[in-house]
Amino acid sequence: ESGGQMIPDYKLVPHKGFNLISGIHSPEEVEQIQNWKIRDTDIFVITYPKSGTIWLQQILSLIEVKGDATAINDQLTSERIPWIELMGSEEKFVSAPSPRIRVTHLQYKFMPLGLKKKKGKVIYVARNPKDVLVSYFHFHKYATMLETPKDFDTFFEKFMEGNVYGNCWFEHIKTWYSHKDEMNFLYVTYEDMIKDLWSVVEKVSLFLGKTLTPQQVNKVVEHSTFKNMKDNPWANYQMIPRSLLNHQHGTFLRKGTIGDWKNYFTVAQNERFDRAYQQEMKDVPLSFIWDM
Ligand code: A3P
């Protein structure tokens with residue numbers, strides 16, 4: 001129990017090779033996602049956890065209103081752009097007005113079949129996996145639904161085994177990316193957003209068929225900087241209840257940089273990670289920025 005609230009008994013429970021979290025996800029709900037009827041206006045943001053999901057939630061919310069933050073600062077980004085695996089009932093999806101913008105950490109095999117017929121749009125956001133690992137380590141310390149790791153080394157092992165929500169990072173990105181030509185698909189990286197948020201916002205707007213003036217792009221960028229999101233309770237998850245996030249043990253907008261892994265990985269862990277990366281990614285035409 002925490003803060004007078006009952007905390008459910010959260011556990012990772014594999015479903016078709018993918019870990020769901022009991023108490024939050026239901027296998028039945030996840031299974032029916034494939035049959036959802038997709039509209040051309042639907043937008044799905046796909047991420048492995050800790051790759052900048054919240055950032056895209058804020059950016060897409062702002063693009064919809066052409067940068068006018070006053071039009072969105074009355075609802076949590078996570079309510080406006082929910083996770084399909086979290087609030088995933090079909091009735092909710094069917095009755096939602098267009099454009100339906102959703103995020104998910106699910107693997108490719110659970111996706112609505114309509115997306116593969118080039119209906120709707122898919123934005124895959126990737127982040128270099130060493131920083132993902134470090135960000136995820138910190139997230140485990142305050143996400144109530146995830147087991148608090150004993151220490152960094154323990155978490156490093158769990159991540160390498162794919163024994164986390166999201167499972168194996170390599171599997172997630174490789175499978176989604178290899179099917180990209182079946183979908184209206186845009187690939188963006190966290191690192192590109194750090195280096196040149198303006199260009200990424202412009203690229204995303206164009207992909208969505210929204211014409212924003214440079215002034216409107218400026219506004220979107222301004223309201224989605226790390227600092228402004230960290231100070232914005234509608235965008236920083238500080239209002240997510242204690243039954244999900246224990247805000248005394250961490251902050252969602254934690255550091256927001258490239259290369260924090262260097263402060264955590266030992267030389268041996270880094271070598272091991274590099275070997276795994278080279279092996280797993282050898283046929284994948286993607287590369288990452290690992291430090292600033
Ligand atoms: P860190 O823990 O490295 O700081 P997700 O939403 O997928 O869980 O991703 C969360 C990560 O994205 C956190 O990484 C968070 O700080 C970072 N992030 C979110 N918004 C950001 C922004 N505007 N600029 C930079 N990083 C951001």
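In this predicted model, helix α9 (residues 197-207) packs with helix α10 (residues 214-222) at an angle of about 115 degrees, and their axes sit 9 Å apart. Those two numbers are worth a pause: a pair of packed helices is described by the angle between the axes and the distance between them. As for handedness, α9 and α10 make a right-handed crossing. On the α9 side, the residues that take part are Leu197, Trp198, Val201 and Glu202, and they meet Val217, Val220 and Val221 of α10. Sorted by class, this contact comes out as six nonpolar residues, one charged residue and no polar ones.

Now for a pair of strands. Strand β1 (residues 11-15) and strand β2 (residues 18-22) pair up in the antiparallel sense, with five bridges between them. One bridge to look for in the structure is that of His15, whose partner in β2 is Phe18. The two strands form a hairpin, with two residues between β1 and β2. Lys16 is in the turn, and its phi is positive, at about 50 degrees.

That leaves the ligand. There are 20 residues around the ligand, and Thr53, Ile54, Ser135, Arg254 and Gly256 come nearest. Which helices supply at least two residues each to the shell around the ligand? They are α2 (53-64), α5 (129-142) and α11 (226-230). The shell is a mixed bag when split by class, with nine polar, six nonpolar and five charged residues.

Definitions and conventions:
Residues numbered from 1 in each chain as written. Predicted model: local features only at pLDDT ≥ 70, side-chain atom pairs only at ≥ 80, totals over all residues. Near = placed C-beta within 6 Å. Helix = DSSP H or I, 4+ residues; strand = E, 2+ residues; numbered from the N terminus. Nonpolar A, V, L, I, M, F, W, Y, C, P; charged D, E, K, R; others polar. Axes fitted to C-alpha atoms, helices over the stretch in contact; angles between N-to-C directions. Left-handed = near helix turned anticlockwise from the far one by under 90°. Contact = placed C-beta atoms within 7 Å. Pairing = 2+ DSSP bridges.
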